[in-house]
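Hi,

Here is the structure I promised to pass on. Have a look at it first, then read my notes underneath.

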Amino acid sequence: MSINTPALNGKSLKRRSSYTDTNLLLIITIAVFIVMYVCAVVFLKKGFTKPQMFFNILNENASLLVLSCGMTLVMITGGIDISVGQVTSLVCMACAVHLEQNGGNVFTSILLALGIGLAFGIVQGFLVAYLEFQPFIVTLAGLFFAKGLTTIISSDRISVTNEAFVKLCRYEVTIPFLGSVNKKGIFIPAYVEIGVVVALVLVVLLFCMLRWTKLGRNFYAVGGNNQSANMLGINVKLTKFLAHVLCGLCAGIGGYLFFLHACSGSPLHAQGAEMNAIASSIIGGTLLSGGVGNIAGTLFGVLSLSTIKMIVTSLGFDDPWWTNITVALMLCIFLLVQSVILSRKNKTKK
Amino acid sequence: MSTNEKAISSSNSVKSFFAKIVRNQLFIPIAALLLLIIFNFAADIILHADTSFFKIVLEPSSTGNMVLSGNLITIIDNASELALLAIGMTLVTSASGGQDISVGATIAIAGSTILRIVKGYSPDISGAKFAAVIIGAFLLSVIVSALFGAFNGALVAYFKIQPMVATLILFTAGRSIAAWINNNDNISINDTRFGYFGNFIPGIPVPTPVFITIICIIVIALVLKFTNLRLYSQAVGINASSSRLNGINPKTIKLLSFIILGICVAVCGLIKVSRTSSITYAVIANNIEMDAILAVALGGNNLGGGKFNMTASVLGAYVIQFLTTTLFRMKVSSSAISAYKAIVVILLIIMSSPFIRKWLADRKNRRLAAKAGSNVRKEVA
Amino acid sequence: MIEGAVLEMRGICKYFPGVRALEKVDFTLREGEIHALMGENGAGKSTLIKVLTGVYPMDGGEVMLSDHFVHIRSPQDAQNVGIATVYQEITLCPNLTVAENMYIGRTKGVLTDWRMMNSSAGRLLEELGIPVSPKEQLGNCSIAVQQMVAIARAVDMDCKVLILDEPTSSLDEQEVQKLFNLMRDLKKKGVGIIFVTHFLEQVYEVCDRITVLRDGKLVGEYVIEDLPRVQLVSKMLGKDFDDMADIKTEGDADRIDLSELPVYQANNLTGTTGIKPFDFEIHAGEVNGFTGLLGSGRSESVRAIFGADRVVGGTVKMHGKTVKIRKPLDAMKHGISYLPEDRKLDGIVGDLSVRDNIILALQVMKGFFRPFSRAQAERFADYYIKLLNIKTASQDTPIKSLSGGNQQKVILARWLLADPVYLILDEPTRGIDVGTKVEIQKLVLKLAAEGKSVTFISSEIDEMIRTCSRLIVMRDGKVVGELKGDDLNQNKIMATIAGGES
């Protein structure tokens, strides 16, 4: 009795592109951004030809960039965190009150911001990873908790007048050799705020973390296949927990950067920031189903999103609702693209 | 097999009366309701030495009608939108295993649609004509909300995007779309008749939203009784693959549940804009999605989909409104309330968590193993 | 501890809701031996392995590894104490590269050294003759390559115990030989290997010792020379080989009137799930079977008949009339019922009550707007609970808390209630107790006697011989033979499956 084991069909042995999913989506994102920006420069002109326009995008979105990076980490592990926007708001408010009414200094306010972010990350991470709750529900509760807490602290806008802090807010880092010439012919160098520097450093750190550390690779493994990752000897629960903690920390840092940019605390700060962060991550090539994504992609996701917002505004659609609709539209398109890519992949596997 | 079956049947036979009550799905909302009533009662007696919280009086309203007023009436009145949303949200939860977080934003859209139609007519058109305008505006808003529901549903059913993320799109854009419908104008309707749906109809002492809600509850009860909606959506929510092999189309059922939620949203939109005869796009029905999800959870329904109990969800909605009113009474500011509710949500999910259930199952298995072990020893002896 | 043993498991118990997966199972693995773990589907082989590797927590028993008691709580623990595993399903991450999949979760240090990883992975892959670049994303590789990568990962670990849970099901002859050479090398180095497979041939080629499980219990441990093939099979099935020949039913072949139009007839039926277009017909009162190895396309064929997967071509006639069957509801309306292979995934609706599970199919056929009254549904459920002797606390009990056999009876009741003319049963006897297996086979014969057509699929060939009057044999997605009458015996079937003389 001889039984031949069934050999595989030749079809499934066929090689396809050797791009990993992550790289493929990253390339799409970068291409989208470049095309968009070039189009803006060529057709719209206005401010887009000046380098400062580009750096203004960064100045405006340093906080969003950090939030999106945290979001990307969680989404790579297959989770989601929608509390980051309200945590940002809470951080601003808490720091403002700390500086203005409790006589705190800049250093302690930074610690406060990090502490709040960490606390949210740890609690939410514990509930998601170890008690196995749906991340969406847990962080929705986190969102409302932070929202309530913010208004409990103060329901009014609080402007910060602390001297050291205001100095930090106003600090501009000039970019050598880049800038524009004004009407009088004087060269004005381009500048970025200190927040941008922090955000970019963080981007580089997180990029390296995801690429070269074991923890970073574990994030991908857990998101790629939960059970497989477990059987490969990865502590899945700890990995998910750490992703949420890091995301919480990013929310703390992002919150402080928002605070630096706005110089005030208000319950209305960072409204809808979580949506922008999720949208940036998705546009940056992070798959909702987890396991695929890249911090570099997220950077370009944030840039693309901000650029399209600016384009929409400068096209004359300056009513506030247009930006929201644009964000939603972009989110929708990229979600559909992902869904189609995923279903095609599944089909070819069968 | 036999030891296991015995264990199951014996646990069933010993099941005490008390355990039966606790296991009933209505237990949680009713217990919560009783707790709130007792709390308010105690607070009344201790703080005010009377029971003013529960007093219902017939008194003239600002428009001169004789109407019922009191905290209980306010609760039942204000819970109307929530109860309506709970109906739709329960179906969506059951069939899709996720929740729609765009309901607040789509209420804004529905309300804005109604106002756009109604604002064009002068306040002195005749009753019949006015009724026609209202019905037309309402039907249009039903169609619009159902379409937006179908959009969410299509993303979930056909593109397999998680419900919460799919509805994120409208959550982001909904209020902007609502503003865009009316060109971001602040519209207010001067016709007092427009306010009937959200307040009182002259001569009737009970707020109109209560009637609307009762009608909707009756309609959904009839639908559940005379169609297979319950069986289908539960089957799809529990096991979509198996449902498909039994001839159900899971995609259609998911889409249908989102459309039904859309219709509920349209009714809410009508009540909401009628209450104030105006609309504030950024604020109308703010945070209501959280309350609606909470109502479903409080009703003991599994947020991961599957079996549901509509009565419990609706009851959950009223309990939440009761909770909100109680918190107001405790001088908690309106925006801070969400922090307290967040804690309630976390407590609820902890109670229904898979982790706890797994822990219980493991304990039971160990007991069975211990039994098997002792049998071996006996055999050896 | 037994002399020379690297691993000893004693009194292992594991329960799942409604199922006793393992009860008091002992297992001993000696240094430098290849030990086969044998048993039917649902005998508990995979469960035993998952308990050993910490995927499932065990509910009772103890594990000794080289004279130490160990408590393995997670796959990480298993790896750390020197147990390397290749699981039945591929348990790698499709979104990572080949090299990463080989090294993730088992390297020291904080950083990932890509260059080192790629070069050593490349060397290992070359040594084992696996044709893939270490930088390729795993999801883009064929299943066979993925399986070989999993094996490469396991053998590269410095392990004392290597577990191979059906690693060969997706490999071709050459790759299997490569694997066997590898196993022999490791054996010489003193590694104990647990080898799980369905292929008897392979067991007798490489193994030294066999442990047989049946229905979650230990049957015994044997040295390979002492256990001829026939006896191994009878140990696995729990009955003597000679007995099986006698049970063959008689006379049903005569009853079928082949001159009448077939109940169901398909020409060139083409699906999208990797099976070749095929012809098939079945007459009233006939019981036929599809057989073949795992993945031969037997389940895919019946799914195509029922319209469970997308059908792209072919004509179907029922009672001589051309009909269109594109989705399950079409098939149901034409009187076809299908009991799916995977009971848990495709069959039961776990949280629903036994009653709702029974009426589901008929209810769907009746229509969305015409629900059965509660009383009617209760009558239906009552009737079938009695008829099939379903053991349940009440009609309202959720089906998931029933035992496997009773769950299967509920699904059977569902399709009997739908009153089909043609009933497809895909593995109705998998993972259920012996008593229920016999009951289900009797029921199949009774239904056929009543004039219904039945397709019966089982991975246990003796069940097929007992119930079917005609067998369709499949290999690699193709129909390769049709057996009836005197050809219906174990040897002939095995030979046809294998495609050569035995």
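In chain B, helix α7 meets helix α12 through a long list of residues, where a contact means heavy atoms within 4.5 Å. On the α7(B) side you'll find, among others, B:F138, B:V142, B:G149 and B:A150, and on the α12(B) side the list includes B:L255, B:F258, B:I259 and B:G262. The residues of this contact split into 15 nonpolar, six polar and two charged. (Ala, Val, Leu, Ile, Met, Phe, Trp, Tyr, Cys and Pro count as nonpolar, Asp, Glu, Lys and Arg as charged, and the others, Gly among them, as polar.)

Helices here are DSSP runs of H or I with at least four residues, numbered from the N terminus. The axes of α7(B) (residues 127–157) and α12(B) (residues 250–276) come within 7 Å and cross at roughly 145 degrees; axes are lines fitted to C-alpha atoms over the stretch in contact, with angles from 0 to 180 degrees between N-to-C directions.

A word on the basis: this is a predicted model, where local features need pLDDT of at least 70 and side-chain atom pairs pLDDT 80 or more, while totals for chains, interfaces and linings use all residues. Residues are numbered from 1 along each chain, chains are lettered from A and ligands numbered from 1 as written, and side-chain values use heavy atoms, without hydrogens and water.

α12(B) also holds B:R275, whose side chain forms a salt bridge with B:E81 (2.9 Å, N to O). The rule asks for a side-chain nitrogen of Lys or Arg within 4 Å of a carboxyl oxygen of Asp or Glu. B:E81 sits in helix α5 (residues 80–96) of chain B, so to speak a distant part of the chain, 194 residues from B:R275. Over all chains there are 33 salt bridges.

How many of them cross between chain B and chain A? The rule finds zero there. Still, the contact takes 40 residues from chain B and 35 residues from chain A.

Cheers

Conventions: Helix = DSSP H or I, 4+ residues; strand = E, 2+ residues; numbered from the N terminus.
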